[in-house]
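Trainee: I should be grateful for a close look at a single part of this structure, followed by whatever connects to the wider assembly.

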Amino acid sequence: MVIDVRNVSKRFGGLRAVNNCSLSVRRGSITGLIGPNGAGKSTLFNMVAGNITPDEGQVIFDGQDVTGWKPFELFRVGMLRTFQIAHEFGQMTALENLMMVPGDQPGEHLIDTWFRPRLVKSREIEVRKKALDVIDFLKLGHVRDELAGNLSGGQKKLLELGRTMMVDAKVVLLDEVAAGVNKTLLNDLAGNIERMNRELGYTFFVIEHDMDLIGRLCDPVIVMAQGEKIAEGPMAEIRANPAIVEAYFGTPVEVA
Amino acid sequence: MLGRALLAFAAGAAIVYGARKADRIGITGRWKTVLTVFAWFVAYVLYRSQLDPAAAYIESAVGGGWVGGLGGHPVLGWLFGGLLAAGIAYIVGKISLGLRTDYLAIATIGISEIIRALIKNMDWLTRGTLTVSPIPWPTPLPQSFQAGGMDNLSALVAARGGFLVLALVVLGIVLWLISRAYAGPWGRMMRSIRDNHIASSSMGKNVKARQLEIFIFGSVLMGIGGAMLVSFVQIFDPSSYQPINHTFLIWVMVIVGGAGNNWGALFGAVLIWLIWVISEPLSKAVFEFVSMWSSNVGWGAIPEIEARSAQMRVFVLGLVITIALRFAPKGLIPEVVKRG
Amino acid sequence: MTELVFFTNQVIISGLVLGCIYALGAVGITLIFGILRFAHFAHSELMTGGAFIAFLLASAFAAWGITTPIPTGFVVLPIAMVITAILSLGIDKGFYAPLRKRGAKPVTLLIASIGVTLMVQGLIRLFFGAGSYSFFETETKDVFRIDLSALGSTRPLVITEPQVFMIVVTFVSVLALHFFLTRSRLGKAMRAMADNADLAQVSGINTALVVRVTWIVAGALACMAGTMLALDVTLKPDLAFNIIIPIFAAAIVGGLGQAYGAIAGGLLIGFAESLAVFNWTMVLRPLNGVLPDWLQLPATLALVPTEYKLTVAFVILVVVLLVRPTGIFKGASS
Ligand SMILES: Nc1ncnc2c1ncn2[C@@H]1O[C@H](COP(=O)(O)OP(=O)(O)O)[C@@H](O)[C@H]1O
Ligand SMILES: [Mg+2]
């Protein structure tokens, strides 16, 4: 198990967003996380990725207790994420949004910037090349030098996904990346996620409302409702379970 | 004796640290708070009890003793000024950078007043109101040009020119260092933190440490600037450093010039400095004109024109801030957002 | 007994007087923060400006030969308060309202208020120079020395006439403010808006009116605080500028946005300052008789040296900001 969430809870005021929830993600899997809006999925992601600290419980990553770690520390041990509401760097170009990601850039240290320009330069060329590849793959070439703040919602989402492709991660958390992305690109994306999973051994943990996409990519699928995990299994099983259909598919699914 | 004060300081720090870790031995909650406050008190008393006699001893030396006056080269002093500022900025940043912007502004103004009170009153360290002078110049003084046979005016010009060249060299080096860092990955990372610190943290940037870094970097530059100013005017008089004509003046320079743009800051600095120095003679001229007119009409002359015109500077400074915020909120040379 | 009287003179009266002034200033700052969500740095200039207006009025009274049984400063205070209130409305209209309309950040408004501070300060110095003035050039400042020898004290209890008035006037104004905030419709609207501005707007509160009333109340109280401070010490252009950070400390300690908190915070800071520089040797001296030689009390035994008196407020401010930025009474900070 690469991620192990143990009895985690988070309250916002009187609201129990996540309530004594335990679940785990197998190494090398593409695990889906579904559930009605407000089920606490994003909150759970925030706790796994260190953006908020759980009130109770533990998060184990790669055998290590990472509860209370800062996001940047988790990044360094190989956990990357996207945000449901795009968190682009609005005053930077799309290309810069990608180029800022790699963590071991000598140019991020003042001393190296000033006194080892050649080292900085050669690394910068590599980073740029990598970023251009990602841009091409995401078909964002035409907005490469546009400020990220001016991109469309879907393009921002792609940019978020692109950031996770800039480094070799162990685990990638995707929070509704597909929302607002067009179908053809979505197919490409799904193909790429599968390929990265198969060939490079990435683990994906995916929140999605598009059931077809979940069905195609994910095994297993975890269902959350009202802050708790209510089921886990292959998509076919989930669809066949009347209690879940009642809890989830019974209510109209808003895509937000 | 200073050594003993230092020991007392260390002991005090240990006591406070111990109290904060008291939960290890089962003291928690309110009792821990009480214990921590008490530990601070004990540490403070301990420190004061050792420092006071040491301070009195140093100050009692003939002519007002102090610990400074080591006789190093002024440029070394400038560097030390930067270093000292870095140390202070580290402490200030550590304790206050987590606050919201307006609380942060108030907290830093409060802290700066505390530091100013300390500098003003710790006579043993800084000579306080006794002032330190003359402070040597790194370049030859006018007197030495005069000794070489120059007349007064050209000696002054030559000496000040020398200082100016040195100052410009320092400015050039600093600008080069900043531009280089800002144009590279370092600047990109800093801008990402400014744009969205949550995403930046999730992309592996240690936001807090980086904010502290840039705060310290800015403070080092300010420390060097202060040290240069002190050696230029040749006198260190802590009570002459008022927020109005230093802190706020520099703020105005940045706001008017354009925050986030080095050329803007530079331009603002020169422009505001010009306004600052010409507003006095200019208002003096205006006053004299009005005074002449009013005495002709029979209302009598304006009294104390000299003193009044000196105060015009403060008014003009305030006016420039408010006008700039209202009509050019991004500054005269706004930050350029880089493309491609 | 002598010691107790000494303590009363040095700590209780001086702390109370200082506390009253801090409290009145802090109430204004806290109201402005609650309604407009920004730290109004120029409040000190409303105080100083108000004091100078009162001073001009008092001088005019003296010039017209009007003498009053109580210090003229207090007689002209209501007029000065009205003028200062109008001035604060003008300052808001001229400098802050346009920025608010543009949706500027709180820190931009804070810097604008520093600009206003400099302008007003410059203007005051322009007209009055840098010297200091006294309200008591033509009349005398009565000092009451209450002889307490009957109680066995060798020292009298000392309090000046303006100090007595000041304490009474502050008490009355706080009471009036309390009734205004709890009983009048406008006062209730103000509290509602401080709690939640958006909600107040949709529930039909006339927010523009509330903003105006806020400036009127804040300006009038600032004028009161400034004038009383000038009556207690002397009037000079940096009268209130020097104490604006302690006043902010009072407002923040009380929790920004909370009127009652500001009053408590003001008194707390006032007493803390007086207490911190109090020379305990004066009170504990009788102990010298029983203490062994090596433990004799030094000539001065104060928590901090007198020259650091104002610093006490700064330290309290910084500590509160770090440990409990919402203030000790849980302010509406957002
Ligand atoms: N920062 C927050 N403050 C208050 N409530 C929050 C916050 N974040 C989420 N919530 C609430 O927690 C619940 C779970 O939200 P979320 O985790 O975003 O659900 P999901 O992603 O499954 O739609 C929702 O009711 C939401 O309103
Ligand atoms: Mg969500």
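**The magnesium site and beyond**

Mentor: In this predicted model, the magnesium ion (ligand 2) has as its protein donors A:S42, through OG, and A:Q84, through OE1, lying 2.0 Å from the ion. These two residues join distant parts of the chain, being 42 residues apart. A:S42 belongs to helix α1 (residues 41–48) of chain A, whereas A:Q84 sits in the loop between β6 (79–81) and α3 (94–99) of chain A. A:Q84 counts as partly exposed because its relative accessibility is 25%, and the partly exposed class lies between 20% and 50%.

Turning from the ion to the interface of chain B and chain C, the two chains bury about 3,800 Å² between them, and 77% of that area is on carbon and sulfur atoms. The elements of chain B that each give two or more residues to the side touching chain C are α2 (29–59), α3 (74–96), α4 (101–121), α11 (247–257) and α13 (305–327). Of these, α4(B) gives the most, with 14 residues. The contact involves 40 residues from chain B and 48 residues from chain C. Across this interface there are 0 salt bridges by the rule applied, while 3 residue pairs are in polar contact, both residues at pLDDT 80 or more.

Within chain C, helix α5 (residues 161–183) has 23 residues and should span 33 Å at 1.5 Å a residue; its end C-alpha atoms are 33 Å apart, so the two values agree. The buried residues of α5(C) include C:M166, C:V169, C:L177 and C:L181, together with C:T170 and C:S173.

Conventions: Residues numbered from 1 in each chain as written. Chains lettered and ligands numbered in written order. Predicted model: local features only at pLDDT ≥ 70, side-chain atom pairs only at ≥ 80, totals over all residues. Heavy atoms only, no water. Helix = DSSP H or I, 4+ residues; strand = E, 2+ residues; numbered from the N terminus. Expected span 1.5 Å × (residues − 1). Buried < 20%, exposed > 50% of the residue type's maximum accessible area, 1.4 Å probe, protein only. Donors = N, O, S within 2.8 Å, 3.2 Å for Na, K, Ca; no water. Contact = heavy atoms within 4.5 Å. Buried area = accessible area lost by both parts, 1.4 Å probe. Salt bridge = Lys/Arg side-chain N within 4 Å of Asp/Glu carboxyl O. Polar contact = N/O pair within 3.5 Å; in protein donor to acceptor, adjacent residues only side chain to side chain.
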